[in-house]
Amino acid sequence: WPHLSSCRGGDISVERTPVRQESDFLVLGAGLTGIAAASLLDDRTVVLERDECPGGLVKTPCWNGYWFDQVLHLLYFWDDDTERRITALLGDDLARCPPVAWVETQKGTVLFPFQMHLAGLDKETVARCITDLARLTFGATNEEPKNFEEVLQLTFGGGMCETFLLPYNRKMWKRPLDTLAAAGFTWNITRPDFDNVLRGALETDPGYESYNAKGWYPRPASDSPVRGMEFLAQKLAATVENIRLGHVIESIELSSRTVHVRTKDGPEVFTYGEACLATLPLPTMLRLCVETPKELRVACRQLTHNRVLSVALSVRGPRPKRCGHWRYYADESLCFTRLIYMHEFDPQLAPPDGWGVLAEITERAEDPLRTREEILKRTCDDVIRVGALSGECKIIDRNLMVIDPAYVVFTPENESIVNAARDFLVQHGVTPLGRYGRWEYSSMAQCMRDGFAWGKEMAERLGAGAGISTHEE
């Protein structure tokens with residue numbers, strides 16, 4: 001893996017021998033999945049990360065005292081082991097944060113989840129929603145949905161779909177919903193219990209508890225140099241002994257278990273003896289592997305996804321009340337899918353005389369990116385149009401974060417490609433994990449759970465006698 005650099009003052013080129021390093025385990029990517037796995041494998045593991053700080057998408061930049069997560073982040077646990085590890089790691093700096101979210105439609109404003117709080121809609125719309133759901137619930141239909149639009153129609157009925165679910169998802173996915181797969185978009189879409197929906201249509205506060213009601217969010221001390229959800233990422237990364245930042249992977253030789261890397265100091269080569277964990281986006285991983293068959297490499301280029309434009313608006317003025325942690329907007333003329341109110345997660349994410357709102361906009365990754373000024377102006381205009389700012393408030397700063405990839409898009413054609421790509425890596429001794437490593441939809445807690453599980457399995461493979469600690473004490 002020669003690297004040629006020309007010397008000043010002449011035409012002589014000097015060949016630099018890449019630094020070669022060996023380890024038992026190699027982790028590609030220092031997002032939550034990668035650092036969770038490496039945290040259980042001590043110094044016999046190397047983590048390679050292209051950015052200059054760990055965390056992947058779990059970063060919280062600050063502009064003049066205003067902190068913004070790159071995208072909406074809320075932590076809720078799916079298993080006791082992950083909850084125990086993370087609550088022990090963050091201690092009192094992790095606060096309970098049961099979210100309040102609202103849904104804005106042209107027929108009224110209701111609490112999230114929409115289907116359980118129909119009382120906020122006009123009476124005609126409520127009647128239509130209940131009638132259509134009753135037909136599905138008590139009618140004799142065994143129709144199998146063929147695409148995502150039919151999943152929504154056959155699960156919730158036409159009334160709820162036309163009021164919120166279809167316009168919102170059209171804005172979210174930016175593709176005809178009948179071209180998307182019937183599975184994969186969330187953990188599970190099930191028909192809501194009719195009695196609970198009816199109760200939510202009759203009572204403004206039916207007491208329904210959503211899946212993310214037991215939310216958590218970091219709230220460190222006021223002098224903490226890191227805030228937001230990045231506080232979690234940094235604390236978890238601190239338990240990893242060997243993270244190599246600024247290491248850009250250029251190629252991977254699966255047969256020799258070798259990874260070629262570019263750094264600011266020159267090329268480096270890493271080899272692993274036991275196993276490799278890959279959290280890089282699946283299409284990227286297949287492109288980097290030199291043994292990837294041409295047909296599979298070409299097929300992976302067809303995998304579709306959306307990017308997210310996160311517009312961070314710093315606002316000076318009194319903080320809004322009853323805004324909730326975030327609001328969904330079904331109006332397809334608005335550029336954003338939701339507005340996220342950062343001060344509701346942690347009051348110290350903004351100065352006392354201000355607050356921050358994060359507008360989330362999804363776009364097809366294959367479409368050209370508009371200019372920064374165009375994106376910011378349109379977002380500010382729409383934020384003002386929905387009445388998110390009172391007359392006493394003023395936007396004093398605007399910043400744009402582009403997250404790409406952000407949302408994996410599921411189509412019938414993609415499923416077989418994803419399965420073939422995963423199988424290819426596993427057959428060559430590489431485990432793909434994480435939202436983008438497996439090319440799936442998963443939460444932060446699920447990513448950490450999968451990382452911990454892999455790390456624990458690898459630790460047990462070598463055994464305690466090999467010097468690996470599972471951090472169970």
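**Cysteines, backbone exceptions and packing in a predicted model**

Good morning. I shall begin with the cysteines, and with C323 in particular: its sulfur lies 11 Å from the closest cysteine sulfur, which belongs to C393, and that is too far for a bond. The model under discussion is a predicted one. C323 is also buried, with a relative accessible area of 5%. A second cysteine, C129, gives a comparable account. The closest cysteine sulfur to that of C129 is in C161, at 9.1 Å, again too far for a bond. C129 is buried as well, at 1% relative accessibility. Across the structure, the number of disulfides is zero. For the two cysteines just named, the reasoning rests on the cut-off: a disulfide requires the sulfur atoms to be within 2.5 Å.

C323 leads to its surroundings. Which residues are in contact with H343, once neighbours within four places in sequence are left aside? They are R319, P320, C323, W355 and G356. H343 itself sits in helix α10, residues 342-345, and counts as buried at 7% relative accessibility.

I turn next to the backbone. Most residues other than glycine have a negative phi, and most peptide bonds are trans. Four places in this model deserve mention against that background.

Two of them are cis peptide bonds. The bond from F112 to P113 is cis, with omega near 0 degrees, and P113 is found in the loop between β9 (108-111) and α3 (123-138). The bond from D404 to P405 is also cis, with omega near 5 degrees. P405, however, is placed in a strand, β19, which covers residues 394-408.

The other two are arginines with a positive phi. R322 is not a glycine, yet its phi is about 60 degrees. The loop that holds R322 runs between β15 (305-316) and β16 (326-329), and R322 is exposed, with a relative accessible area of 66%. R257 likewise has a positive phi, of about 55 degrees, without being a glycine. R257 belongs to the loop between β12 (248-253) and β13 (258-263). Is R257 buried, exposed or partly exposed? At 29% relative accessibility, R257 counts as partly exposed.

Let me now consider helix α3, to which C129 belongs. This helix has 16 residues, and the distance from its first C-alpha to its last is 22 Å, close to the 22 Å expected at 1.5 Å a residue. Its buried residues are T125, V126, C129, I130, D132, L133 and L136. Those buried residues lie on the same side of α3, because they cover an arc of only 170 degrees around the axis. The general background is familiar: an α-helix has 3.6 residues a turn, so residues three or four places apart point the same way.

What do the buried residues of α3 pack against? Their partners are α4 (148-156), α5 (158-173) and α6 (194-202). On the face turned away from the buried side, α3 carries the exposed residues K123, E124, R135 and F138. At its N-terminal end, the helix is capped by D122, where a side-chain oxygen lies 3.2 Å from the backbone nitrogen of E124.

From this helix I move to the interior as a whole. The largest nonpolar core has 89 residues, and those with the most contacts inside it are L75, L118, F345, M448 and W454. The largest share of this core, eight residues, is contributed by α5. Another core lies apart from it, with 34 residues that include V46, C276, L282 and F424.

M448 serves as an example from the largest core. With neighbours within four places in sequence left aside, M448 is in contact with L32, A36, L75, T82, I86, L232 and L236. One of these, L75, is itself among the residues with the most contacts inside that core.

My last item is R50, in the loop between β4 (45-48) and β5 (62-63). R50 is exposed, with a relative accessible area of 61%. How far apart are the C-alpha atoms of R50 and H247? They are separated by 4.5 Å, although the two residues are 197 residues apart along the chain. Beyond residues up to four places away in sequence, R50 touches G246, H247 and V248.

To close, I return to the opening topic: the structure holds zero disulfides, and both C129 and C323 are buried. Thank you for your attention.

Terms used:
Residues are numbered from 1 along each chain as its sequence is written. This is a predicted model: local features need pLDDT of at least 70, side-chain atom pairs count only at pLDDT 80 or more; totals for chains, interfaces and linings use all residues. Side-chain values use heavy atoms; hydrogens and water are left out. Buried means under 20% relative accessible area, exposed over 50%, partly exposed in between (1.4 Å probe, protein chains only). Helices (H or I, at least four residues) and strands (E, at least two) are DSSP runs, numbered from the N terminus. The expected span of a helix is 1.5 Å times one less than its number of residues. The arc is that of the directions from the helix axis to the C-beta atoms. Contact means heavy atoms within 4.5 Å. A polar contact is a pair of N or O atoms within 3.5 Å; within protein, one must be able to donate a hydrogen and the other to accept it, and residues adjacent in sequence count only if both atoms are side-chain atoms. A nonpolar core is a set of buried Ala, Val, Leu, Ile, Met, Phe, Trp, Tyr and Cys residues joined through side-chain atoms within 4.5 Å.
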